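Please look over the sequence and the model below before reading on. The paragraphs that follow go through selected residues and then the chain as a whole.

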Amino acid sequence: MARRRLERALLEARGGEREEGARGPARLRLRQQVPLSRDAHGIYSLRFAPGGARLAAGFGNGAVQIVNVATGSLASSLFPGHRSRHAITALAYHPGRSNLLLAVGADGIISLYSVDSGKLLTTVTEKENEINAMDFCMDGSTYATAGKDRHIRLYDSHTNQLSHILQAPDFMTGDVTPISGHSRRIFALRFHPGERHVFLTGGWDDCVKIWDKRMTKEAQRVINGPHICGPGLDIRGNHVLTASWVAHNALQLWDLRTSQLQKNLPFPGGPMQGQFLYAARFCDQDVVVAGGSGTSGASAIHAGTNQPVSR
C-alpha cells in the first residue's frame, strides 16, 4: 500500500499515468515539449529552482535560458550564447536566494546571474581549466568547482572570490596517498544537504573522495569503485548514491560513515545494452532516478524494493 501511494504521488508530480489494472513500471507521458531557440547547440545542464517553478537550461554555446515550468514556455534568456563560448556544464541556484543562478562552463568561466532582472552580476575565469562540476554548500556561503585540472576550488559566494584551493597531487614528487586529491579529471561534486562543511567528489579515477572544507589538504575518506563520468553523485543523510559509466552494477548505494557498499540497485535494460550511467539523484528517501547511454533512457527505482517505479 505504501509503495502504491508513493508511485501515485510520483506520477502525479511528474504527469505520469498508469492504465487501470496494469502491472509493471508506470508509463510516463510527455507533459511539456519546450521550444528553446538554442536547441541546435545541445543542452548540457539543467537545474530546477527551489520550489520547482523555474527550470534553468545550459547550452553547448554557453547560452543560459529560464523555462516557466507551469506553462512550458521560455521565461527569459540570461545569455544568448556565442561561437567562442563552450558548454555550460553545471547550474545551481543559491540555496537562500533563489533569484541568483550560478553557471559554470567548459571554458572555465563562472557566471552569476540575477534571474529576475536578467542581468549578469559577475564573472570569474579559471584559466586553463574545464569546469565539469559545481555546487553550493547548504547555507549558500560557499560554492566549489572541479574539473579537468583536478584541483578543487572553494569560493566565497558573497564576494565571488576564491578562498581556498584543494590541490591535486603532484605525481612528480611521489607524495600521493589514498586521501590525496584526484588523479584524473573530476566530473561530479556534491555538498551534503545537511552538513555545510562536507562535500563529495568523483571522476575518472574510480573513487569518490569525502572532504571537509575546513581541512586544507586531504580528503577525510575514500569510496573505492565508482567510475563517474557526469553528475552521477548524490547524498541523503548517511547514504551516498553513485552512477558509474560501466556495463553492470552501475547504480550503487554506499554508507557515508564507513565508505562501504550497501547495495547494487538494478537498473532496467536489456542484457546486451549495458547500463553505462551518467547521472543519478535521490528523488526522496526511497526513490532514486538515474539515466545514461546504455539504454538511452532514465528510470526511477525504489531503493528499498529494487523495483522500478517508472521508466
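Is Asn 160 buried or exposed? This is a predicted model, and in it Asn 160 has a relative accessibility of 4%, so the residue counts as buried. Asn 160 sits in the loop between E11 and E12. Its phi is near 60 degrees, a positive value in a residue other than glycine. A positive phi, near 65 degrees, is also found at Asn 306, again a residue other than glycine. Asn 306 belongs to the loop between strand E23 (297-302) and strand E24 (308-310). With a relative accessible area of 25%, Asn 306 is partly exposed, whereas Asn 160 is buried.

The chain that holds these loops has 311 residues, and 49% of them are buried. Its secondary structure consists of one helix and 24 strands. The accessible surface comes to about 15400 Å², and carbon and sulfur atoms account for 50% of that area. Of the contacts between residues at least 6 apart in sequence, 41% join residues at least 24 apart.

Charged side chains come next. Side chains of opposite charge can pair when their charged atoms come close. The structure has 11 salt bridges. In one of them, the side chains of Glu 126 and Arg 153 meet at 3.4 Å, N to O. This pair links distant parts of the chain, 27 residues apart: Glu 126 is in the loop between strand E8 (120-125) and strand E9 (131-136), and Arg 153 is in strand E11 (residues 152-156). Glu 126 has a relative accessible area of 4% and is therefore buried. Arg 153, at 10% relative accessibility, counts as buried too.

Which residue other than Glu 126 forms a salt bridge with Arg 153? The partner is Asp 149, and the closest N and O atoms of this pair are 2.7 Å apart. Both Asp 149 and Arg 153 are buried. Glu 126, Asp 149 and Arg 153 are thus linked in a network of salt bridges.

A further salt bridge joins Glu 130 and Arg 185, with 3.7 Å between the closest N and O atoms. Glu 130 lies in the loop between E8 and E9, and Arg 185 in the loop between strand E12 (161-166) and strand E13 (186-191), so this pair ties together parts that are 55 residues apart in sequence. Glu 130 counts as partly exposed because its relative accessibility is 29%. Arg 185 is partly exposed as well, at 22% relative accessibility. In the Glu 126 pair, by contrast, Glu 126 is buried and Arg 153 is buried.

Where is Asp 205 found? Asp 205 is in the loop between strand E14 (198-203) and strand E15 (207-212). Asp 205 is buried yet has no salt bridge, and the nearest side chain of opposite charge, that of Lys 209, is 5.3 Å away. A salt bridge requires a nitrogen-to-oxygen distance within 4 Å. The side chain of Asp 205 does make a polar contact with the side chain of His 182, at 2.9 Å. Leaving aside residues up to four places away in sequence, Asp 205 touches His 182, Ser 183 and Arg 184.

The aromatic residues form another set of pairs. A pair of aromatic rings is described by the distance of the centres and the angle of the planes. For this structure the count is seven aromatic pairs. The ring centres of Phe 136 and Tyr 143 are 5.7 Å apart and the planes stand at 70 degrees, so this pair is edge-to-face. Phe 136 counts as buried at 6% relative accessibility, and Tyr 143 counts as buried at 1%. Phe 199 and Trp 211 form a stacked pair, with 6.2 Å from centre to centre and 10 degrees between the planes. Because Phe 199 lies in strand E14 and Trp 211 in strand E15, the pair ties together parts that are 12 residues apart in sequence. Phe 199 and Trp 211 are both buried.

Phe 136 and Tyr 143 also belong to a larger group: together with Tyr 155 they form one aromatic cluster.

Notes. Residues are numbered from 1 along each chain as its sequence is written. This is a predicted model: local features need pLDDT of at least 70, side-chain atom pairs count only at pLDDT 80 or more; totals for chains, interfaces and linings use all residues. Side-chain values use heavy atoms; hydrogens and water are left out. Helices (H or I, at least four residues) and strands (E, at least two) are DSSP runs, numbered from the N terminus. Buried means under 20% relative accessible area, exposed over 50%, partly exposed in between (1.4 Å probe, protein chains only). Lys and Arg count as positive and Asp and Glu as negative; His and the chain ends are not counted. A polar contact is a pair of N or O atoms within 3.5 Å; within protein, one must be able to donate a hydrogen and the other to accept it, and residues adjacent in sequence count only if both atoms are side-chain atoms. Contact means heavy atoms within 4.5 Å. Rings of Phe, Tyr and Trp (its six-membered ring) pair if their centres lie within 6.5 Å; planes under 30 degrees apart count as stacked, over 60 as edge-to-face and the rest as tilted. Accessible areas come from the Shrake-Rupley method with a 1.4 Å probe; for residues, only the protein chains shown count as cover.
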